[in-house]
Amino acid sequence: MRAAAEILVPGKAGEGEALVLTAPISFWGGVDPKTGRIADVRHPQHGEVIAGRVLFLPGTIGSSSASAVLMELVHNGRAPAALVLHEPDAILLLGLIVAREMGWETPMAVRLGRDAFETCGGRVRIAEDGALTVSGE
Amino acid sequence: MSLSLSPEERAIAARQDGPGMAMRIVAESACLLGAPRLIPIASTHIDGALYHGDSGTLFAEKLVDGGAKVAVRSTLNVGALDLMGCSRIRLEEPQRGMARRMMEAYRKLGCEQSWTCAPYQAGHRPALGSDVAWGESNAVVFCNSVLGARTNRYGDFLDIACAITGRAPDYGLHRPDNRRARLVFDVSGLSPSFLASEIAWPVLGSLYGHEVGNAIGVVTGVTGHPGEDALKAFGAAAASSGAVGLFHIVGVTPEAPDVETILAGPEPEAVIRVTPEIVAKARAGLSTAAAAKTIDAVAIGSPHLSNAEFESLERLIAGRRLAVPIYACTGRHALAVLEQDGRRKRLEASGVVVVADTCVVVTPIMPELGNGVLMTNSGKFAHYAPGNTGYAVLYASLADCVESAVLGKPVFTDIAA
């Protein structure tokens, strides 16, 4: 599958295994900033690691320190390869905006219709222009 | 609709120094939020100085090195350390040193060393109708609802960037039309004695947050002003259980002289009629250790204790010796008053641990017990303590918290809704 996604925050082109979250997540308290492991025991993808994955997010909840956790993941080299959201999340994406200001290499964040999330499994590549390619298993 | 910056804002954003970085952060956030422009702000309250990892410290130091200073009055929320030395924080090196560097960087940026989540009781009270950029959920909801100043929920990094630029994106609760209520939360079915009790407001706040989520509601059926500490407790609990940024109470909060004035339309979209049964369930939901036979500690002061709340604490302890510690979290504004006449020393002699500049759910203070039980009168502590401290919680009034601390086991006085 190929799709053109709108770039929300520019960054490095990324490729990785898709990780499609099936419930919204609170990054603060929900994702370990040192490892990228989903620490929220109530989350359906609890135990998965977001580092290096193309992360499909159906929304975030909770603390406004989500930006701090995402920036800490970038700083620790444990950020996702790319983030795919169905709507812009200003608090979370601020983590990427500030990390870029710090001169750190950041993944790209793009917007894609939520109905397209289900078809995204296997290996996903997001090019610099936001073009998203799913190469399957 | 795209963001339009003034020539001055564009010129600052083009700079390679600290103010330039701050302006680009505000402008990029405004783009993501769909704000058409930036607006001037009168003050900020900054939650970004709490240590979550080294990157936040490096960010604050980069702003300092780039010559940035806050352009408006800026108070600081809690940090990860008790700089007043009242309590012992179990944060180890190197995190301890990085947390201290972070607090120091925010001081150098020109922020006031208030270190409190209740800045509104420490002399920072923006005027009704003024635009401000505040962070920390309880401070935001109090600022909007009780003071009637206008702010969105400003998260880490954006709060200090707004402080340096003196500007914020024009969207959300800065716009008067977005401040009107769509839901009615009617408490007229509850007894006046319950509404006059201390536990009413944290319990109702927790219920309110669950029911309304991020919508704006108006509370009806309240006769008489419940007092500022009650509104503080209501807002903090509501902002923990839901994404509440603004509430109204008819006849109490400044934007709601009556229902008609504050409702967005002729009729509310929904009316939530609160019954004694619903309240009993909400109250039970604040506890996770209902069967506990003993308690290990009591924690109060989320939001930070006011002087009036310390007076209640002293009156209830009445010089008795506590069997388990009461952690009493507060800010320097209240501590300064408490230091007079040896009041703090007397409380400590009873077994109270005064915690200043920070609190027990954001940094390690209480001993790690594995299966500890904590009693609290704060809806916010009840919400966050299990996840952040590992303690199970029991929710009770301040009077019951004190009696339980004296005995080392839970005591409950029945207060029917």
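Biologist: How many of the 13 residues of H8(B) are buried?
Modeller: This is a predicted model. Helix H8(B) is mostly covered. Its buried residues include Trp201(B), Leu204(B), Tyr208(B) and Val212(B). The count of buried residues in H8(B) is 11.

Biologist: What span should the 13 residues of H8(B) have at 1.5 Å a residue, and how far apart are its end C-alpha atoms?
Modeller: The expected span is 1.5 Å times one less than the number of residues. For helix H8(B), residues 200-212, this gives 18 Å, which agrees with the distance between its end C-alpha atoms, 18 Å.
The residue that follows H8(B) is Gly213(B), with a positive phi near 60°.

Biologist: In strand S2 of chain B, which residues point one way and which the other way?
Modeller: In a regular strand, side chains alternate between the two faces of the sheet. Strand S2(B) covers residues 43-46, and its four named residues are all buried. Ser43(B) and His45(B) point one way, and the other way point Thr44(B) and Ile46(B).

Biologist: Which residues are the bridge partners of His45(B) in S3(B) and in S4(B)?
Modeller: S2(B) pairs with strand S3(B), residues 73-76, in the parallel sense over four bridges. With strand S4(B), residues 133-134, S2(B) also pairs in the parallel sense, over two bridges. The partner of His45(B) in S3(B) is Thr75(B), and in S4(B) the partner is Trp134(B).

Biologist: What is the handedness of the β-α-β unit that S2(B), H3(B) and S3(B) make?
Modeller: The two strands of the unit, S2(B) and S3(B), are parallel. Helix H3(B), residues 54-65, is the helix of the unit. The unit is right-handed.

Biologist: Which element gives the largest share of the side of chain B that touches chain A?
Modeller: On this side, 22 residues of chain B are in contact with 20 residues of chain A. The elements that give two or more residues are H2(B), residues 18-33, and H3(B). By class, the side of chain B has eight nonpolar, eight polar and six charged residues. With seven residues, the largest share comes from H2(B).

Biologist: Which helix gives the largest share of the largest nonpolar core?
Modeller: This core has 182 residues, and among those that touch the most other members are Val84(A), Leu93(A) and Tyr106(B). Not counting residues up to four places away in sequence, Val84(A) touches residues including Phe56(A), Val110(A) and Leu112(A). The largest share of the core is nine residues, from helix H3 of chain A, residues 90-101.

Technical notes:
Residues are numbered from 1 along each chain as its sequence is written. Chains are lettered from A and ligands numbered from 1 in the order in which they are written. This is a predicted model: local features need pLDDT of at least 70, side-chain atom pairs count only at pLDDT 80 or more; totals for chains, interfaces and linings use all residues. A residue is buried if 20 or more other C-beta atoms lie within 10 Å of its own, exposed if 12 or fewer, and partly exposed in between; C-beta atoms are placed from the backbone. Two strands pair if DSSP finds at least two bridges between them. A crossover is right-handed if, with the strands pointing away from the viewer, the path from the first strand over the helix to the second runs clockwise. Two residues are in contact if their C-beta atoms, placed from the backbone, lie within 7 Å. Ala, Val, Leu, Ile, Met, Phe, Trp, Tyr, Cys and Pro count as nonpolar, Asp, Glu, Lys and Arg as charged, and the others, Gly among them, as polar. A nonpolar core is a set of buried Ala, Val, Leu, Ile, Met, Phe, Trp, Tyr and Cys residues joined through C-beta atoms within 7 Å.
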